[in-house]
Amino acid sequence: MRRVRLWGWLAALAALLAGCGTSLGERCGRDSDCASGFICARPVRDEGPAASGVCDYPLRERDEPCTVAAECAQSLTCSNHFAEGDRYGTCVPRREDGSTCFADRDCESEHCEGASGTALDGTCAP
Amino acid sequence: MVTATHTPRRAEEAPRAVTVVSREELARRPARTTPEALAEQEGVFLQKTNPAGGAPIVRGLYGQHLLLLVDGVRLNNATVRSGPNQYLNTVDPFLIEQIELVRGPGSVLHGSDALGGVVNVRTFWPRFSSEPTPVGQLRAQAGSADQSLQGHVRAGLSLMNTAVAVGVTLRDFNDVRGGALVGRQRYTAYEEGDVALKLRHRVTPSMQLAVQYQGVRQFDAPRLDRSVPGDFRRFTQQQRDFFQGRLERSRAADGLLRRWTVELSAHRQSEQVDRFRVTRDRVERDAANVWTLGLRAEGELSPIELLPLRPSLIMGLDLFHDRATSSAARSPLSEQERFVLRAEDARYPGAPTALSAGLFGLLASDERAPFSWHLGGRLQLHRTHLPEDSRLAELFASAVSPPPVLAEDTVSAVGVAAELGVQHRLAPGLSLLANLGSGFRAPNIDDYLRLGAEGPGFLIPGRDLRTEQSYTGELGLRARREDFSAELFYAYTVIRGLVGNVPTTLIGETRTPESVPYLARQNRDSARIHALEGAVVFRALPELTLASHATWTLTRQRRRDLTVPGEPLILEPLSRTPPLNGLVRITLAPREALFFEAVARWALAQHELSAADRLDVRTCAEVPECQGTPGFVGFHLRAGVQWSPHWRLSGTLQNLLDSTYRTHGSGVEEAGRSVVLAVEATL
């Protein structure tokens, strides 16, 4: 019990030192419950967003850096999908039907036909 | 340096390829973390999954195949997983007195896992003093790339026969800013608190008792490579408690035993990983806890007159017992936290245990003589108790032919290691070293029982595993003159039965419903590793020193492709084989207490990838025609001053060009252009 108390003090001191800088993963009801730069990510149910969620980073907006498409906002994908061998991209709009694509995520239709998953060899299709 | 032969020796006299990071070096080049203290050292390539990780790669091997020690006691326990791990970063960098790395097999003295090498982090011990002397130290370090702040305070008292000290460290890291192309990297912040208690007591003039406790609590270290908004993971807790007691009798004047040591240790390591999945409205918790109890007894006999060059014999035994427990649970994310246990998702079923018992002996003549030799061997027995395992049967109960329940079992494995080496002084300051050695790794609890997400796949347990055995031949040349020192080592290693994760099928599928590939632990046919390590230091002027080192590694493994009918043999590199890499450093020291330094750390591109590398988002993110990891050169400037015996200040301007790069296999980019400042005050 004494040890638990000691570590509790240390944790509190560490949090003090941190200046409560991050709130990633903390429970929240709205964005203002989270530290600057975070949003309150709430699960969406049939009746709408749940009353509470956890603090998380927001999705990246257009032209912000990314390495995987899931970092980008829903209407965007990561430009590294279109540049062979280049890890670093930015969030860009999804492509129209008939455009080349790497994954379903790259297409407005969410369907990249014929993509192998290892090359830029698919075509956005309806 | 004690790790190579268990006899204190200067590093340049060691009969093996060694790397040493001294306390003085760490004061001049303060490291952000303990793994990063090895980043500029010869023969070491540092992989970082996230800023709270850091796995040294030595001669192409890491994780389960590189033995980590803290004060001579194993950090590797029976649940060390395949792939890189974060355990070295559970050692407080402010406690380090010296890091010793023996490159190449070290199983004779240290047992299982020492195939690629042995990293021994030796922490400070308070010293005796002829009159009561208080001991105190205050250190602080700040970095702009991650807006980090670290502080360490140490206090103690030294007496004639007793010395005590206590140290406390607090460490706070925010998200790391990478180079210009990535900016601030989300999911990279974490916090840590450490405490250490040390006691030394001289029982008699030749007998000492040393007792210590080290505690580490890391909080909320995210897995950057597996985190995106709405679905992120972090090590909510990473904990280590380490108790060690050592009774040591040194240099008895007469008698058969020159010295002996008996050591007891207890090590608790635990981790808790939470995965936050917003769209599924749940938090998935995976926790594991391991207690390792250890006993080690070792003695050094007086030199044996009958044998050539009067070698000393070091012999001993060690016993380690591990007990692991794990749990998996889920809680709704949008409601009050309420975790419900899910036994079928647990990392291990029940409470598996592992017992290892080893006997070893090493004959070594005096390395300071013109010719010296050493010969050693170890025999080790392992018994692992595997509880009944119904997890797969429960997970796939609705399948047409569900996997069977695996019965409770106890499996045994034997490890054998030997080494033979000679060191010959060809001329004053020039020595030739030749070593033959073997290492082994017995399959551990994690190999037999791990179920669930592991690296880039979903791991399926398998019990048909055997001990991995390595054989290494090493040739080295070491030169040392007044203003010049250099060494060159070539090592060739063959590993039989190297265990690794390979793609496989489960109930007829190669991927989970979430499209994660199924992986199985498998003894591969064999692996071969060539390593060439060179280092040179040249003092061009009394105040100007040039230093450079480079390491080249080539690996090939033969394994069966379990996803193809007939399971054909395929040939590929080992995962995360480092590219050719090295460092160039120019140091100007106009005064003894002042220095300026320019450093270029570089690596060529790595295109040699295994199938697992290609599945790994750390190496091949969502990129068409993934070619591996690009090469890089990182330029850094450093300066330091010691303006009194009690005060020291150092600073680094790192990544001058703000380049965006990562070391091969890493999940995080190195820090962008930024400043690190460190100050140290000593009583």
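Is Asp658(B) buried or exposed? I started my notebook with that residue, and Asp658(B) turns out to be buried, with a relative accessible area of 9%. A reminder to myself before going on: this is a predicted model.

**Entry 1: the partner of Asp658(B)**

I looked for what Asp658(B) pairs with and found a salt bridge to Arg177(B), with the closest N and O atoms 2.7 Å apart. The two residues sit in distant parts of the chain, 481 residues apart. Arg177(B) is in the loop between S10 and S11 of chain B, while Asp658(B) is in the loop between strand S34 (647–654) and strand S35 (674–682). I then checked the accessibility of Arg177(B), and at 26% this residue counts as partly exposed. So the pair has a buried acid, because Asp658(B) is at 9% and the cut-off for buried is under 20%.

**Entry 2: other salt bridges in chain B**

I asked for the total next, and the search of the whole structure gives 72 salt bridges over all chains. A general note for the margin: side chains of opposite charge can pair when their charged atoms come close.

One of the pairs I opened was Arg29(B) with Glu25(B), a salt bridge at 3.3 Å, N to O. Arg29(B) is buried at 17% relative accessible area, whereas Glu25(B) is partly exposed at 21%.

Another was Arg296(B) with Glu298(B), where the closest N and O atoms are 3.1 Å apart. Both of these residues are buried. They also belong to a network of salt bridges, which links Arg258(B), Arg259(B), Arg296(B), Glu298(B), Glu300(B), Asp318(B) and Arg378(B).

**Entry 3: Leu301(B)**

I moved on to Leu301(B), which is found in strand S15 (residues 282–301) of chain B. Leu301(B) is buried, with a relative accessible area of 16%. What does Leu301(B) touch, leaving aside residues up to four places away in sequence? I found Leu256(B), Leu257(B), Arg258(B), Ser312(B), Leu313(B) and Met315(B). Arg258(B) is familiar from the salt-bridge network above. I also checked a backbone distance: the C-alpha atoms of Leu301(B) and Leu257(B) are separated by 4.5 Å, and the two residues are 44 apart along the chain.

**Entry 4: Glu597(B)**

Here I wanted to see the surroundings of an acidic residue in a strand. Glu597(B) is in strand S32 (residues 594–603) of chain B, and is buried with a relative accessible area of 3%. The side chain of Glu597(B) makes a polar contact of 2.9 Å with the side chain of Thr587(B). Beyond residues up to four places away in sequence, Glu597(B) touches Arg29(B), Arg585(B), Ile586(B), Thr587(B), His636(B), Leu637(B) and Arg638(B). I was pleased to meet Arg29(B) again, the residue that forms a salt bridge with Glu25(B).

**Entry 5: Pro542(B)**

For contrast I picked a loop residue. Pro542(B) lies between strand S28 (526–541) and strand S29 (544–560) of chain B. Pro542(B) counts as exposed because its relative accessible area is 68%, and exposed means over 50%. I looked up one distance from here: the C-alpha atoms of Pro542(B) and Pro590(B) are 8.6 Å apart, with their positions 48 residues apart along the chain.

**Entry 6: where chain B meets chain A**

How many residues does each chain bring to the contact? I got 48 residues from chain B and 43 residues from chain A. The area buried between the two chains is about 4,000 Å², and carbon and sulfur atoms give 60% of that. Arg186(B), Glu622(B) and Pro624(B) supply 18% of the area that chain B buries against chain A, more than any other three residues.

I went through the polar side of the interface too. There are three salt bridges across it, and I opened one of them, between the side chains of Arg27(A) and Glu337(B), at 3.8 Å, N to O. The count of residue pairs in polar contact between the chains is 19.

On the side of chain B that touches chain A, strands S10, S11, S12, S13 and S16 each give two or more residues. S12(B) has the largest share, six residues. By type, that side divides into 25 nonpolar, seven polar and 16 charged residues.

**Entry 7: chain A**

Last, I looked at how chain A is divided. The domain assignment gives domain 1 (20–58) and domain 2 (65–124). Taken over C-alpha atoms, the centres of these domains are separated by 28 Å.

Methods. Residues numbered from 1 in each chain as written. Chains lettered and ligands numbered in written order. Predicted model: local features only at pLDDT ≥ 70, side-chain atom pairs only at ≥ 80, totals over all residues. Heavy atoms only, no water. Contact = heavy atoms within 4.5 Å. Buried area = accessible area lost by both parts, 1.4 Å probe. Salt bridge = Lys/Arg side-chain N within 4 Å of Asp/Glu carboxyl O. Polar contact = N/O pair within 3.5 Å; in protein donor to acceptor, adjacent residues only side chain to side chain. Helix = DSSP H or I, 4+ residues; strand = E, 2+ residues; numbered from the N terminus. Nonpolar A, V, L, I, M, F, W, Y, C, P; charged D, E, K, R; others polar. Buried < 20%, exposed > 50% of the residue type's maximum accessible area, 1.4 Å probe, protein only. Domains from an automatic or database assignment.
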